[in-house]
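Let us take a walk through a protein model together, one stop at a time. Keep the picture open beside you and look for each place as we come to it.

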Amino acid sequence: TQAQTTELANALLDRGVNFIDTAANYLNSEGMLGNALAGRRHEVWVATKAPDPDENSDSTWSKDSIARSIDRSLLRLKTDYVDLMQLHGCTAEVIETGCVIEALLVAKAAGKIRHLGYSGDGEHALAAIRTGAFDVLQTSLNLVDQRALETVIPAARDAGMGIIAKRPIANASFRADASPYRYADEYWRRSRKFAVPQRAPSDPLELSLRFTLSFDQVDVVIVGTRSLSHALTNLRWAEKGTLDEDVVKDLRDQFARHGRGWD
């Protein structure tokens with residue numbers, strides 16, 4: 001509800017959280033966050049994503065479509081600019097046409113966005129990095145999805161980009177008794193192959209979050225929640241810092257053994 005969103009956002013800002021990630025297609029997230037952040041916009045970096053799901057699918061990735069999506073996001077977020085506008089899952093083929101990047105650059109020149117970002121994985125992320133147009137990469141990284149550490153994140157760092165790690169707790173799937181929901185099925189299946197290392201945190205969510213936080217290349221991790229208690233627990237875990245080096249090495253070695261065929 002709006003009341004829950006407002007409580008959650010204000011509680012996190014009160015505790016020093018200063019980055020919020022959303023997207024046009026996350027149901028009514030932008031609108032509720034716009035209301036929740038009223039009066040406190042200056043305290044937080046707001047990142048969102050285009051395109052808007054209201055766009056016609058035949059022209060979703062056109063220059064005009066992205067421009068309209070940006071304007072609607074600004075209205076919903078009740079702000080005249082966003083700190084980071086990200087292309088959401090755009091394919092390499094679309095990126096290479098240049099039209100979507102042009103739309104972002106026009107919006108930046110108009111003061112509507114401050115930084116350009118790309119959200120995605122694998123070859124599509126590499127295509128975005130090669131353009132040299134983006135300031136930030138948001139990509140998947142967690143203990144059962146480590147492939148980005150091999151190519152994507154190093155390439156982004158070499159290009160001077162900031163790194164946002166998405167899915168840092170592996171969709172709450174690691175060592176769960178069953179997949180928590182359909183979107184997490186593949187991560188849950190992978191987690192069956194892993195053993196919890198000695199000296200690792202006993203809570204699988206703490207282990208997952210602190211694993212992702214253990215890499216210097218990562219600037220920000222984003223964990224979706226609608227629960228204040230979950231968010232505060234995440235903060236407490238994050239404040240514990242990185243995992244022991246031997247725990248990280250063990251998990252890296254396990255991924256190297258089991259993850260060769262994982263896309």
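Start with a pair of facing residues: V82 stands opposite I113, a residue of strand 4. Keep in mind that this is a predicted model. V82 belongs to strand 3, which covers residues 82–88. Strand 3 and strand 4 (residues 113–119) run parallel, and 6 bridges join them.

Now look at the other neighbour. Strand 2, made of residues 45–50, also pairs with strand 3 in the parallel sense, this time over 4 bridges. One place to find this pairing is at A50, whose bridge partner in strand 3 is L87. How many of the residues of strand 3 are buried? The count is 6 of 7, and the strand is mostly covered. As a general point, the side chains of a regular strand alternate between the two faces of the sheet.

Let us zoom in on a single residue of strand 3, namely Q86. Is Q86 buried or exposed? Its relative accessible area is 0%, so Q86 is buried. Leaving aside residues up to four places away in sequence, you can look for what Q86 touches: D21, A47, T48, K49, A50, G117, Y118, S119, Q138 and I164. A50, the partner of L87, is thus one of the residues that Q86 touches.

A50 is worth another look for what follows it. The peptide bond from A50 to P51 is cis, and its omega is near 15 degrees. P51 itself sits in the loop between strand 2 and helix 3 (63–77). Why point this out? Because most peptide bonds are trans, and most residues other than glycine have a negative phi.

The second half of that rule helps at our next stop, the loop between strand 6 and helix 8 (185–191), where you will find A170. A170 is not a glycine, yet it has a positive phi of about 55 degrees. N171 is placed in this loop between strand 6 and helix 8 too. N171 also has a positive phi of about 55 degrees without being a glycine. Are these residues buried or exposed? A170 has 0% relative accessibility, so it counts as buried. N171 counts as buried because its relative accessibility is 12%, and the cut-off for buried is under 20%.

Next, let us follow some charges. Side chains of opposite charge can pair when their charged atoms come close. A search of the whole structure finds 20 salt bridges. One of them brings together the side chains of R41 and D83, at 3.1 Å from N to O. R41 lies in the loop between helix 2 (29–36) and strand 2, while D83 lies in strand 3, so this pair ties together parts that are 42 residues apart in sequence. R41 counts as buried at 14% relative accessibility, and D83 counts as buried at 4%.

D83 also meets the side chain of R114 in a salt bridge, at 3.9 Å from N to O. This pair links distant parts of the chain, with D83 in strand 3 and R114 in strand 4, 31 residues apart. R114 has a relative accessibility of 45%, so it counts as partly exposed.

Another salt bridge joins the side chains of E102 and K63, at 2.8 Å from N to O. Here the pair ties together parts that are 39 residues apart in sequence, because E102 lies in helix 5 (residues 99–109) and K63 in helix 3. E102 counts as partly exposed at 39% relative accessibility, and K63 does so at 32%.

Our last stop is helix 9. At its start, a side-chain oxygen of D203 reaches to within 2.8 Å of the backbone nitrogen of L205. Why is helix 9 described as largely enclosed by the rest of the structure? Because 7 of its 9 residues (204–212) are buried. These are E206, L207, S208, L209, R210, F211 and T212. What do they pack against? Look for strand 6 (162–166), strand 7 (220–221), helix 10 (228–239) and helix 11 (245–258) around the buried residues of helix 9.

Conventions
Residues numbered from 1 in each chain as written. Predicted model: local features only at pLDDT ≥ 70, side-chain atom pairs only at ≥ 80, totals over all residues. Heavy atoms only, no water. Buried < 20%, exposed > 50% of the residue type's maximum accessible area, 1.4 Å probe, protein only. Helix = DSSP H or I, 4+ residues; strand = E, 2+ residues; numbered from the N terminus. Contact = heavy atoms within 4.5 Å. Polar contact = N/O pair within 3.5 Å; in protein donor to acceptor, adjacent residues only side chain to side chain. Pairing = 2+ DSSP bridges. Salt bridge = Lys/Arg side-chain N within 4 Å of Asp/Glu carboxyl O.
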